[in-house]
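Trainee: I am new to this structure and would like a close look at one part of it. Could you walk me through the place where the protein meets the DNA, and then how the two chains sit together?

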There are 2 protein chains.
Amino acid sequence: MIKLTAQRQAILDMINQSNQHWDAEILARALSDAGHSIGIATIYRGLTALEQAGLIQAMHLGDKKRYERSDKAHHDHLVCGSCGSIEEFFDEQIEQRQRHVASQYHFQMNGHQLLIFGICQQCLKLSVKGEQS
Amino acid sequence: MIKLTAQRQAILDMINQSNQHWDAEILARALSDAGHSIGIATIYRGLTALEQAGLIQAMHLGDKKRYERSDKAHHDHLVCGSCGSIEEFFDEQIEQRQRHVASQYHFQMNGHQLLIFGICQQCLKLSVKGEQS
DNA sequence: GTTATTATTGATAATAGTTATCGTTCTTGG
DNA sequence: CCAAGAACGATAACTATTATCAATAATAAC
């Protein structure tokens, strides 16, 4: 159904080649740096099309939408408020409990998003070092 | 520290009087309907100030920020994709597991957001009725 | 209790992220 | 080859939010 044009292929490749959680702006810059000149509207449309086709997956983080590869198993995210890095995790017990809660509320769950905010290990180390000096 | 002006008091009252998850636009309309004429910038600034003071709490849902009372215990949300309603729930096991995951990753958690997406009981009932007719 | 200082307000301009418009280009089937 | 539809790029428009700035209100200093 979806037409995989050269532009969309470039977007898809870029996303598939890394574990990043891309937003449209960063992706545009990366594509430009890689030699692809793709209009920003085409990038937004491409992302939407690729998401609908299930070729990539999307999440809302704060005020912008992020896209990542869809060829990995479901997972949730640890978001560092200091460096902005995003770490992934999966916990079957949490998944189970969510299904349980949904059924309790007679709620037909078709997705979820769990973000854990805080400070990542890296940044914790740095802040300790910084305080010592 | 925060100055509770008449405008901010009106915003706070409006939020405290209901269990809604307000966005700035809806809140502005409600305040206007209630006879308060408060500039939209003042509403945004007031919301930020009240949030920083801990008098209300905020969450990101999709592309807009929502505010709700802070005088209730922590909870997460079931978001209906059909009618937009937001139901609240709390599950200690999920909370515990999150703390566990964070410590596993040496991640200093200082908050989280869990959104369960799907269709609420009300909308499920309606869709069944609709299909029968 | 006037004056100086500081914070807040409202109108509006500006910004960020995203979507819509529109004329042009690229496919693809007949 | 050519018509129909999809996608493209440039850019205008839109939504949510923040910044600017002059006017006003509250607070503190004398």
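Mentor: Happy to; we will begin at the DNA and then turn to the two chains.

A word on the ground rules: this is a predicted model, in which local features need pLDDT of at least 70, side-chain atom pairs count only at pLDDT 80 or more, and totals for chains, interfaces and linings use all residues. Residues are numbered from 1 along each chain as its sequence is written, chains are lettered from A and ligands numbered from 1 in the order in which they are written, and side-chain values use heavy atoms, leaving out hydrogens and water.

Start with DNA strand D. It is surrounded by 17 residues, where a residue is near if one of its heavy atoms lies within 4 Å of the strand. The closest are T5(A), T42(A), R45(A), K64(B) and K65(B). Of the strand's atoms that come within 4 Å of the protein, 67% belong to sugar and phosphate.

Now look at three of those residues. The side chain of T5(A) has an N or O atom 2.5 Å from a phosphate oxygen of DNA strand D. K64(B) likewise places a polar side-chain atom 2.5 Å from a phosphate oxygen of the strand. R45(A) reaches a base nitrogen, with an N or O atom of its side chain 2.8 Å away.

Which element gives the most to this surface? That is α3(A), with four residues. At least two residues each come from α1 (6–16) and α3 (40–52) of chain A, and from α3 (40–52) and β2 (64–69) of chain B. Helices (H or I, at least four residues) and strands (E, at least two) are DSSP runs, numbered from the N terminus.

Next, the two chains. A turn of 180 degrees and a shift of 0.0 Å along the axis lay chain B on chain A with an RMSD of 0.1 Å, superposed by least squares on the C-alpha atoms of residues with pLDDT of at least 70 in both. That is the relation of a two-fold axis. The C-alpha of L114(B) is the one in chain B nearest the axis, 2.2 Å from it.

Finally, D91(A) and R97(B) join their side chains in a salt bridge, 2.8 Å from N to O; the term means a side-chain nitrogen of Lys or Arg within 4 Å of a carboxyl oxygen of Asp or Glu. This pair crosses between chains, from the loop between β4 (86–89) and α4 (92–104) of chain A to helix α4 (residues 92–104) of chain B. R97(A) and D91(B) also meet in a salt bridge, at 2.8 Å.

How values were computed
Polar contact = N/O pair within 3.5 Å; in protein donor to acceptor, adjacent residues only side chain to side chain.
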